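Please take a moment with the sequence and the model before reading on. The paragraphs that follow begin with one question and then lead through the chain, part by part.

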Amino acid sequence: MKTLDRAELITVTGLVTGAAGLLIQKVAGVEMPVVPPGMIILLVVAALMTATRWRWTPVLAVLAALAEVAGFVGSLADADAFGEFAGASVRGAGITVALVAGIAATIGNYRSRKSAAPAPTR
């Protein structure tokens, strides 16, 4: 297991929060599959970020968060009960945090790779 930097830790937290928002919506009665695909995607990407040393996993987090935006907007527009609205709000907050922190983590990983590259010899 790798040590996460701050941006990666915030990204994972956002992904898990987005999945928790989906769970809240499910419990509140929003019609969705037994196991929502968005929840699986968010949790698998969070697991990959914590368990692997791949530099590109924050890019997957950004893509997963972007994939959830349409579902979030639709569920927020259709929310007619407090639980549905609360779940959509938690989901939206999580994917927003994952999106912004995932971009920061991607940039940080790119910069650390550039600075870790050996200097060219002449």
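Which residues does threonine 106 touch, not counting residues up to four places away in sequence? In this model, which is a predicted one, threonine 106 touches Pro58 and Val59 when residues up to four places away in sequence are not counted. The place of this threonine is in helix α4, and at 24% relative accessibility threonine 106 counts as partly exposed, because the band for that term begins where the buried range, under 20%, ends. Leucine 43 is 63 residues from threonine 106 in sequence, and the C-alpha atoms of the two are 18 Å apart in space.

From that one residue we can step back to the chain. It holds four helices and zero strands, so that, read along the sequence, the pattern is α-α-α-α. The C-alpha trace spans about 65 × 25 × 20 Å along its principal axes, and of the 122 residues in the chain, 34% are buried. Among the contacts with a separation of 6 or more, 70% are made by residues that stand 24 or more positions apart. The accessible surface of the chain amounts to about 7200 Å², and carbon and sulfur atoms account for 69% of that surface.

The interior comes next. The largest nonpolar core has 16 residues, and those with the most contacts inside it are Leu15, Leu22, Leu42, Val45, Met49 and Ala61. Each of the helices α1 (6-28), α2 (37-51), α3 (57-78) and α4 (82-116) supplies at least two residues of this core, while the largest share, five residues, comes from α2. One of the residues with the most contacts in the core, methionine 49, is in contact with Lys2, Leu4, Glu8, Thr11, Val12, Leu15, Thr57, Pro58 and Ala61, once its neighbours within four places in sequence are left aside.

The helix that gives the largest share of the core, α2, deserves a separate look. It has 15 residues and reaches 21 Å from its first C-alpha to its last, close to the 21 Å expected at 1.5 Å a residue. Within α2, the buried residues are Gly38, Met39, Leu42, Val45, Ala46 and Met49. Seen down the axis of α2, these buried residues fall within an arc of 140 degrees, so they line one face of the helix. The buried residues of α2 pack against α1 and α3.

Glycine 38, which lies in helix α2, is buried with a relative accessible area of 12%, and, leaving aside its neighbours within four places in sequence, glycine 38 is in contact with Leu22 and Glu68. Isoleucine 95 is 57 residues away from glycine 38 along the chain, and the C-alpha atoms of the two are separated by 11 Å.

We turn now to α1, which has 23 residues and reaches 33 Å from its first C-alpha to its last, close to the 33 Å expected at 1.5 Å a residue. At the start of α1, a side-chain oxygen of aspartate 5 reaches to within 3.3 Å of the backbone nitrogen of alanine 7, and just after α1, glycine 29 takes a positive phi of about 105 degrees. The buried residues of α1 are Glu8, Thr11, Val12, Gly14, Leu15, Gly18, Ala19, Gly21, Leu22 and Gln25.

Is glutamate 8 buried or exposed? Glutamate 8 counts as buried, because its relative accessibility is 3% and the term applies under 20%. Leaving aside its neighbours within four places in sequence, glutamate 8 is in contact with Lys2, Thr3, Met49, Pro58, Ala105 and Asn109.

A last stop is serine 75, which lies in helix α3 and is buried, with a relative accessible area of 14%. The side chain of serine 75 reaches the backbone oxygen of phenylalanine 72 at 3.0 Å. Its contacts, again leaving aside neighbours within four places in sequence, are with Gln25, Ala88 and Arg91.

How values were computed:
Residues numbered from 1 in each chain as written. Predicted model: local features only at pLDDT ≥ 70, side-chain atom pairs only at ≥ 80, totals over all residues. Heavy atoms only, no water. Core = buried A, V, L, I, M, F, W, Y, C linked by side-chain atoms within 4.5 Å. Buried < 20%, exposed > 50% of the residue type's maximum accessible area, 1.4 Å probe, protein only. Contact = heavy atoms within 4.5 Å. Expected span 1.5 Å × (residues − 1). Polar contact = N/O pair within 3.5 Å; in protein donor to acceptor, adjacent residues only side chain to side chain. Arc of directions from axis to C-beta. Areas by Shrake-Rupley, 256 points an atom, 1.4 Å probe, with all protein chains shown as cover.
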